[in-house]
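Q: Hey, can you walk me through this one? I'm new to this, so plain words please.

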Amino acid sequence: LALSSGGSAVQDIIDKTNRLETSKNDLQKQVDDTEKRVKNEQDTISSIEQSGIKVVAEATRLREEIKVLESGAEACEEDKSTKDNQIHTLRDEIGHQEELISKLQKEKKAAGGGRQKTEEEM
């Protein structure tokens, strides 16, 4: 009886050992899977951080470009205002010159008419 119960006890230990090894293997697989997920998450975080750095750099570059463009636009506005003033001044000058031309033409006509009278009187 002792032998048969001893054999049974040995079989129980073997069965327990097999179950423990199976559990250990299952747990090891879960640990490996979890470590793999953690590594993937860390890679994803690193990738996101790199993308964030690139976005910040691009935003800074664009801000600087906007400043340059705004400065250029401001200079163009000032130039346009100056040109508009010059055009206005030149138009005023043209109007004044046209008045002088008109006055001179009237004087010329009057002088021409006077010369004609003088010639007729002679």
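A: Sure, one term to start: buried means under 20% relative accessible area, exposed means over 50%, and partly exposed is in between (1.4 Å probe, protein chains only). This is a predicted model, where local features need pLDDT of at least 70, side-chain atom pairs count only at pLDDT 80 or more, and totals for chains, interfaces and linings use all residues. Residues are numbered from 1 along each chain as its sequence is written, and side-chain values use heavy atoms, leaving out hydrogens and water.

Q: Ok, is Lys39 buried or partly exposed?

A: Lys39 counts as partly exposed, because its relative accessibility is 48%.

Q: And what does Lys39 form a salt bridge with?

A: With Asp43: their closest N and O atoms are 3.0 Å apart. A salt bridge here is a side-chain nitrogen of Lys or Arg within 4 Å of a carboxyl oxygen of Asp or Glu.

Q: Where do Lys39 and Asp43 lie?

A: Both are in helix 1, four residues apart, about one turn of the helix. Helices (H or I, at least four residues) and strands (E, at least two) are DSSP runs, numbered from the N terminus.

Q: How many helices and strands are in the chain?

A: One helix and zero strands.

Q: How many salt bridges does the structure hold?

A: Six. Among them, Asp33 and Lys29 meet at 3.4 Å, N to O. Glu58, Arg61 and Glu65 are linked in a network of salt bridges.

Q: New topic: how much of the chain is buried?

A: Buried residues make up 0% of its 122 residues.
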